[in-house]
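Notebook open. I want to look up confidence, then some strand pairing, then one helix.

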Amino acid sequence: MILLLSCIPDRTNLCSNHSFDTPTIPPHSGSSSILLSLKAVTLDGYFSFENLEHAAKDFGNIYHYLPIAVLHPKSVSDISSTVKYILDMASAAKLTVAARGHGHSLQGQAQAYQGVVINMESLERPSMYVKTGDVPYVDVSGGELWINILHETLKYGLSPKSWTDYLHLTVGGTLSNAGISGQAFRHGPQINNVYQLEVVTGRGEVVTCSNKKNADLFYGVLGGLGQFGIITRARISLGPAEKMVKWIRVLYSEFSTFSNDQEHLISSENSFDYIEGFVIINRTGLLNNWRSSFNPKDPIQASQFSSDGKILYCLEMAKYFNPDETDILNQNIEKLLSELNYIPSTLFLSEVSYVEFLDRVHLSEIKLRSKGLWEVPHPWLNLLIPKSRIFDFAQEVFGNIVKDNSNGPILIYPVNKAKWNNRTSMVTPDEDIIYLVAFLSSALPSSTGTDGIEHIMTQNQRILDFCTKAQLGAKQYLPHYSSQNEWQAHFGPQWETFVQRKSAYDPLAILAPGQKIFQKAISIS
C-alpha cells in the first residue's frame with residue numbers, strides 16, 4: 001500500500017481506516033451559512049434546498065442520507081462551477097458531492113449526507129448524435145437513459161452492443177460500475193464499449209478523455225465508482241441491430257451439466273447473442289408460469305414435468321435475427337441446441353421484437369409497481385466467482401445456505417474475460433472465465449420472517465463469509481463495504497493505482513462519498 005503524497009492537505013483523510021456508520025450526527029453548525037453561499041453560485045440551472053427526501057432514496061431502499069441541497073444542472077458548467085466552489089470552501093465545510101442518475105443504486109452510493117446531490121437527469125441534453133459508417137457510435141449525455149439510446153439508434157439500424165438487463169438506467173451510472181448482461185461474453189461489459197468520455201473531475205475541471213487522450217483518467221473513471229469524476233458525456237460504440245429475437249429457455253437438474261453447457265456456448269463460434277442463467281429452488285408450477293410468454297417445444301412432455309422440491313438450473317439464450325433470415329436461424333439454433341444436455345421436456349421458445357427483449361425487465365417493473373412491490377428494500381448481492389471454484393460455490397450456497405428463491409431471482413452465468421479491457425478500475429477475479437452470480441432479493445419492510453430484510457441480509461452475509469472462509473477468490477460486483485481496509489482487500493494489487501488516481505483527480509475526496517471508500521475530513525478550529 002502507498003501513503004498519499006505529501007502535497008495532499010492534512011485536512012483530507014483519504015486513508016482513514018474507520019468504519020462508516022449511518023450518520024446520526026446533527027446538522028453542521030454552519031449549515032445556514034453554507035446554504036446562503038450556495039445560493040450565490042451563478043448557474044444556468046438551480047439548487048433546491050427543501051423537500052429533498054427523494055435524493056435520500058434509491059432502489060436499494062435501505063440507506064437514507066439526507067443532503068443539504070440538490071443541484072439541477074442545465075449545463076456541464078453548472079456541475080463544474082459547483083464542484084470548484086465546494087473545493088474552495090473545503091477548509092470550512094465537510095461538503096461532498098454525489099451524482100445521481102435514475103436512482104438505482106443499492107446502498108446509498110449516489111447519496112451525500114449533508115452534501116450536494118447532482119440530479120444528472122436534469123442536465124440539458126444536446127440531441128444524441130449518431131455517427132454511421134465503418135465505426136459507428138453515438139454521443140450521449142451522462143444523464144441519458146439507455147432505453148432512450150436504444151430507441152434513437154434504432155432509427156439508423158444500429159444499437160449499442162453491450163447492455164444491462166434493465167435499461168432505465170443512466171449512462172453515467174452504469175459506466176461508473178461496469179454494465180454486465182448476457183452479451184458480455186462476446187462484447188465485454190459496457191465499460192469496454194466506450195470510445196470517449198467528458199468528465200468533471202473532483203478539481204472541477206472539464207476533461208475530454210479516451211484511450212489516446214488523458215487515458216489514465218479515461219480508464220480510471222470506467223468502473224471507478226464515481227471516485228475520479230462525474231461522467232457528463234460519453235461516446236458509445238454501436239453495431240448493426242436486428243429486428244427480432246428468438247428467446248429460449250431450458251432446464252437442468254445437475255449444476256455441472258448446466259455450467260458445462262454455458263461454458264461451451266460462450267466459447268462456441270456462431271453462438272447465441274445472449275447467454276444467461278438462473279437458479280430455481282423449490283418452486284412449484286414453474287413451467288406453467290412460463291407459458292404466458294413462452295411456448296413448449298413438446299407441450300405433452302412439458303405438462304408432465306414437475307419442479308416441486310428440486311433445485312433446477314435454467315439456461316436462457318437469445319439469438320437476434322431479421323425476418324428474412326428465419327430458415328437459416330432455425331437451422332443454427334437447432335445445431336446449437338443439439339450440442340447441449342438439458343432436460344428434453346423443458347425446451348421453451350418465444351419470438352419477440354428486439355426492443356421487447358432488451359426492455360423485458362421494465363414489464364416486470366410495471367407489474368410490481370401496480371402491486372406496490374417496486375419501492376421496497378432490495379438487499380441485492382452481486383458476486384463474481386472464478387470458474388475453478390463455481391462448483392464449490394454452488395454446492396454450498398444452493399445446497400445449504402439458500403433454501404428457496406421466493407424473494408427474487410438468482411442469476412448465474414459465465415463471461416469470458418479475454419474480451420475485457422483490464423485497464424479500467426473494475427475489479428474481477430484473476431481467471432479468464434468468471435461467473436456473475438446475482439441474488440436479486442426484494443424484502444417486505446414490516447416482515448420478520450424469511451421475506452424480511454434482516455433474514456435476507458443475514459443470508460447474504462453467510463454467503464460472503466463462506467466465500468472468504470473457502471478462499472474462493474470471489475469479488476463483489478456493485479461492491480459495498482464499511483471500512484477502507486475492506487476496500488483495500490477488494491482492490492488488492494489495484495489499490496495503489498486507485499489511491500494515486502484519487503489523489504490526482506479528487507484530492508479532497510469530494511466526489512461519491514456514498515461509496516464509503518475515502519472519507520473527507522476537515523480541520524477543526
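pLDDT is the predictor's confidence in each residue, on a scale from 0 to 100. I need that up front, as this is a predicted model.

**Confidence.** I looked up the chain average and got a pLDDT of 90, with 92% of the residues at 70 or above. Then I went hunting for the weak spots. Residues 1-13 stay under 50, and the model gives them 26 contacts beyond four places in sequence. Residues 15-29 are also below 50, with 29 contacts beyond near neighbours in sequence. Note to self: where pLDDT is low, the predicted coordinates should not be read in detail.

**Strand S15.** Which strands pair with S15? I found S11 (residues 244-252), which runs antiparallel to S15 (residues 348-353) and is joined to it by six bridges. In that pairing I see Lys246 opposite Glu351 of S15. S13 (residues 295-296) pairs with S15 too, again antiparallel, over two bridges. Here Pro296 sits opposite Phe348 of S15.

**Helix H15.** Which residues of H15 (residues 484-491) are buried? I get Gln484, Trp487, His490 and Phe491. Looking down the axis of H15, I see these buried residues fall within an arc of 110 degrees, so they line one face of the helix. That fits the general rule: an α-helix has 3.6 residues a turn, so residues three or four places apart point the same way.

Next I checked what covers the buried residues of H15, and the cover includes strand S19 (475-476) and helix H16 (495-505). Last lookup: Gly492 follows H15, and its phi is positive, near 55 degrees.

Technical notes:
Residues numbered from 1 in each chain as written. Predicted model: local features only at pLDDT ≥ 70, side-chain atom pairs only at ≥ 80, totals over all residues. Heavy atoms only, no water. Contact = heavy atoms within 4.5 Å. Pairing = 2+ DSSP bridges. Helix = DSSP H or I, 4+ residues; strand = E, 2+ residues; numbered from the N terminus. Buried < 20%, exposed > 50% of the residue type's maximum accessible area, 1.4 Å probe, protein only. Arc of directions from axis to C-beta.
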